[in-house]
Amino acid sequence: MKIKIELKLSRFIWLFDSLLKVLLALEDVAVYTQPVFEDPSNVTAIAGNNAKLQCKVHHLENYTVAWVNPRGTILTRGYLKITDDTRISTDRNVDEDWNIIIRNISFEDRGFYNCVINTAPFPSVNRVHLHVIVPPKIIGRVVHAPVVVREGETVTLVCNATGYPFPKIHWFRDRITNVTDLPGDTLVIRNITRHCAGEYQCRANNGLSREDTRVFKVEVHFAPEVSMLIPRLGITLGSETVLQCSCSSSPIGVCVWKKDGRDLRISGKYELNPYNEGHETITLGLTISHIQEEDLGRYECHAQNELGQDSGYTDLYEYRPPVPPTHAPTARTTPRLITPDSQYRPVQTKAQKNIFDDENFVFFRPSTIKTPASKYSSESRSSSLGVAFCTLVIGFIGLHFLTSLSL
């Protein structure tokens, strides 16, 4: 009996010891289970926007999560917000989330943020890097007045910009044409001409879709230049004509028509018609009505501005159309060969008179022509023999008569 009681007691002690060991083992598991972070994810945000920094923790149990900024300032501890920065707030969708949100971030907010758990003997840390991109911004006072230079001078335009990454600056003319192959914050135009006037735009870009721009307006001033459409014009009296000149200058200045040193004004005789050909050129027309002899002469188109003056001239003269001849035509003339003795001028000579053109001559066939030496014409061969026979007979009779007288 005593032995049975001892066996039951030893079994009870063994069961109790085993149960105690199990309880102690469970307690050790609970004590040495550590919180676990999910893999951290870095954040890239544009300055001015909001950034969400995530920290997800498993098996937190009785530990506490805190956020610390790059400068070592505690932002939150558990459910509480510690910092007085109104831009920062906590964001918890589930129990494992211990996120914070920073609104309207700036470039100074960049750096590593630490999500810390107060474990022993060392705290557990999850590091999140906040990368802040700053859009480009051109600094300096905006000048709306144009940059004014004289022709031949040097112009320097400066365009400074900030941003992260550091922006590159390119220059464009009239907002279309790229005037430089390489980027730079300074544009230098040497020996500038009037053709270089216009708008120059600098564009700052650091890879973002947004870019900042600034426009510089360049004005090139130069002395007047006058060009005439027709320097010499013939006109018939009583008619009407229009004279035109083109005046180019910057600033535009004055452009007038003059005659005999006086300005011509709008009247019944004169009418002025200006036409703008651009912000630097004016075409000035002068209409002259019922032109008389006193209206002939030299007309002056005069332009003047603060840098100088210039004039152009048109000579107006009377045009007399040729009068057709009313007398009989003269004898024809033939050109003579031009020689150095004639000083390379064409010389007109009288043509040789053709005797066959004389009306006193009558043309016949050679067999019927009359000559002064004979009163007869040889009409045929038989008539020629008859004449010879008669001549011979008359000669014989005469010879016989002389012989008889001598006897």
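User: Hi! Let's start with Glu38. What relative accessible area does Glu38 have?

Analyst: Glu38 has a relative accessible area of 37%, so it counts as partly exposed. The classes are buried for under 20% relative accessible area, exposed for over 50%, and partly exposed in between, with a 1.4 Å probe and protein chains only. This is a predicted model, so local features need pLDDT of at least 70, side-chain atom pairs count only at pLDDT 80 or more, and totals for chains, interfaces and linings use all residues. Residues are numbered from 1 along each chain as its sequence is written, and side-chain values use heavy atoms, with hydrogens and water left out.

User: Good to know. Where in the fold does Glu38 lie?

Analyst: In the loop between β1 (36-37) and β2 (43-46). Strands (E, at least two residues) and helices (H or I, at least four) are DSSP runs, numbered from the N terminus.

User: And which residues gather with Glu38 in a patch?

Analyst: Asp39, Asp95 and Glu96 join Glu38 in a patch of negative charge on the surface. Patches are made of residues with over 30% relative accessible area and no salt bridge; like charges are joined within 9 Å, and nonpolar side chains (Val, Leu, Ile, Met, Phe, Trp, Tyr) within 5 Å. Asp and Glu count as negative and Lys and Arg as positive, while His and the chain ends are not counted. Each charge is placed at NZ of Lys, CZ of Arg, CG of Asp or CD of Glu.

User: Which residues form a nonpolar patch on the surface?

Analyst: Ile74, Leu80 and Ile82 do, and together they have about 260 Å² of accessible area. Accessible areas come from the Shrake-Rupley method with a 1.4 Å probe; for residues, only the protein chains shown count as cover. Ile74 sits in strand β6 (residues 74-77) and is partly exposed, at 33% relative accessibility.

User: Let's go inside. How many residues does the largest nonpolar core have?

Analyst: The largest nonpolar core has 22 residues, and those with the most contacts inside it are Leu53, Val57, Val65, Trp67, Ile102, Tyr113 and Leu130. At least two residues of this core come from each of β2, β3 (51-53), β5 (65-68), β9 (99-102), β10 (111-117) and β11 (124-138). Another core, of 19 residues, lies apart from it, with Cys245, Leu264, Ile288 and Leu316 among its members. A nonpolar core here is a set of buried Ala, Val, Leu, Ile, Met, Phe, Trp, Tyr and Cys residues joined through side-chain atoms within 4.5 Å.

User: Why would nonpolar side chains be buried together?

Analyst: In soluble globular proteins, nonpolar side chains tend to be buried together.

User: Switching to charges: what counts as a salt bridge?

Analyst: A side-chain nitrogen of Lys or Arg within 4 Å of a carboxyl oxygen of Asp or Glu. By that rule there are 13 salt bridges.

User: Which residue forms a salt bridge with Asp260?

Analyst: Lys259 does, and the closest N and O atoms are 3.3 Å apart. Asp260 is exposed, with a relative accessible area of 66%, whereas Lys259 is buried, at 6%.

User: What about Asp263, which side chain does it meet in a salt bridge?

Analyst: The side chain of Lys258, at 4.0 Å, N to O. Asp263 is partly exposed, with a relative accessible area of 29%.

User: And which side chain does Arg320 meet?

Analyst: Arg320 meets Glu318 in a salt bridge of 3.4 Å, N to O. Arg320 is exposed at 65% relative accessibility, and Glu318 is partly exposed at 28%. Elsewhere, Asp85, Arg87 and Asp109 are joined into one network by salt bridges that share partners.

User: Now the backbone. Where are peptide bonds cis?

Analyst: One cis bond runs from Ala120 to Pro121, with omega near 5°, and Pro121 lies in the loop between β10 and β11. Another joins Tyr164 and Pro165, with omega about -5°; Pro165 is in the loop between β14 (161-164) and β15 (168-173).

User: Which residues have a positive phi without being glycine?

Analyst: Glu61 is one of them, with phi about 55°. Glu61 lies in the loop between β4 (57-58) and β5 and is exposed at 60% relative accessibility. His290 is another, with phi about 50°; its place is the loop between β25 (281-288) and β26 (297-305), and His290 is exposed at 56%.
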